[in-house]
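Q: I would like a close look at one part of this model, namely the charged side chains that pair with one another, and then at the rings and the helix that belong to the same picture. Please take the description step by step.

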Amino acid sequence: MQDKQIIQMYLDRNDKAISETKIAYGSYLLTIAYNILSSNEDAEEAENDTYLHTWNSIPPQVPLNLKVFLAKITRNLSLDMYRKKHAEKRGEAGCDMLLSELEEVLPELAAGVDNETPAEALDSAELTRAINAFLSEQEKQRRVMFVKRYFYGEPISKIATELGITESKVATTLHRMRMSLKEYLEKEEIAV
């Protein structure tokens, strides 16, 4: 079934939309959640929460790209779940490592974005625009590395294998990109 048909089912409040979403994107969403949570049970919970959140979001929202819309929901739910489960266990590997890599550039990531005020949401939208602009200036391989690592939460080893390069090159490139992103955001006068 095509995305437009699935979205129309949500708009029509047809509960078959959830099962069609699961058929089309279930394993994709589960992978995103697992990359962040490293637990099958937690990943399945995040996947199921994604369907509920999507049901509650469409309408009023109508996504232009259902796959990206679902991925963002899954990622945010998984990060929230991870933060809650590990609030008292700082120092573990996994998602803490991923967040700490970006924390030097974007410190608000450590706190999360629950219950944003309108001003905070505007700041978040401006930050998103700036990051997208920064990434659009990067060569394709660097963009792919950044998105795979910081959006999908993929391990460096998997990114290296998929791109046919060494883990060291991925780690070094990502470090340099974070430093470049920080400079870019400062140049754009975006408070971080």
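Which residues are linked in a network of salt bridges?

A: In this predicted model, the network of salt bridges is made up of Lys 148, Glu 154, Lys 158 and Glu 162. Side chains of opposite charge can pair when their charged atoms come close. With the cut-off of 4 Å between nitrogen and carboxyl oxygen, the count for the structure comes to 8 salt bridges, and several individual pairs can be described in more detail.

One of them joins Lys 85 and Asp 42, whose side chains meet with 3.3 Å from N to O. This pair links distant parts of the chain, since Lys 85 belongs to helix H4 (residues 66-85) and Asp 42 to helix H3 (residues 40-57), with the two positions 43 residues apart. Lys 85 counts as partly exposed because its relative accessibility is 41%, whereas Asp 42, with a relative accessible area of 10%, is buried.

Helix H4 also holds a salt bridge of its own, in which the side chains of Arg 83 and Asp 80 meet at 3.4 Å, N to O. These two residues are 3 residues apart in H4, about one turn of the helix, and both Arg 83 and Asp 80 are buried.

A further pair lies in helix H2, which covers residues 16-37 and contains both Lys 16 and Glu 20, 4 residues apart and so separated by about one turn of the helix. Their side chains form a salt bridge with an N to O distance of 3.8 Å. Lys 16, at 42% relative accessibility, counts as partly exposed, while Glu 20 is at 13% and therefore counts as buried, because the cut-off for buried is under 20%.

Helix H2 deserves a closer description in its own right. It bends by about 70° at Tyr 25, and Tyr 25 is itself among the buried residues of H2, which also include Ala 17, Thr 21, Gly 26, Leu 29 and Ile 32. Beyond the helix comes Ser 38, whose phi is positive, near 55°.

Tyr 25 also leads to the rings, for it belongs to a cluster that ring pairs build from Tyr 25, Tyr 28, Phe 151 and Tyr 152. Tyr 28 in turn has a charge over its ring, as the charged end of Lys 67 sits there at 4.7 Å from the ring centre. Elsewhere, Arg 13 lies over the face of Trp 55, at 3.9 Å from the centre of that ring.

Over the whole structure, the search finds 6 aromatic pairs. Among them is the pair of Phe 134 and Tyr 184, which is tilted, with 5.7 Å from centre to centre and 55° between the planes. Here again distant parts of the chain are linked, because Phe 134 lies in helix H7 (residues 118-136) and Tyr 184 in helix H10 (residues 167-187), 50 residues apart. Phe 134 is at 3% relative accessibility and so counts as buried, and Tyr 184, at 9%, likewise counts as buried. The rings of Phe 151 and Tyr 152 have their centres 4.9 Å apart and their planes at 85°, so this pair is edge-to-face. Phe 151, at 22% relative accessibility, counts as partly exposed.

How values were computed. Residues are numbered from 1 along each chain as its sequence is written. This is a predicted model: local features need pLDDT of at least 70, side-chain atom pairs count only at pLDDT 80 or more; totals for chains, interfaces and linings use all residues. Side-chain values use heavy atoms; hydrogens and water are left out. Buried means under 20% relative accessible area, exposed over 50%, partly exposed in between (1.4 Å probe, protein chains only). The bend at a residue is the angle between axes fitted to the seven residues ending there and the seven starting there. Rings of Phe, Tyr and Trp (its six-membered ring) pair if their centres lie within 6.5 Å; planes under 30 degrees apart count as stacked, over 60 as edge-to-face and the rest as tilted. A charge sits over a ring if NZ of Lys or CZ of Arg is within 6 Å of the ring centre and within 35 degrees of the ring normal.
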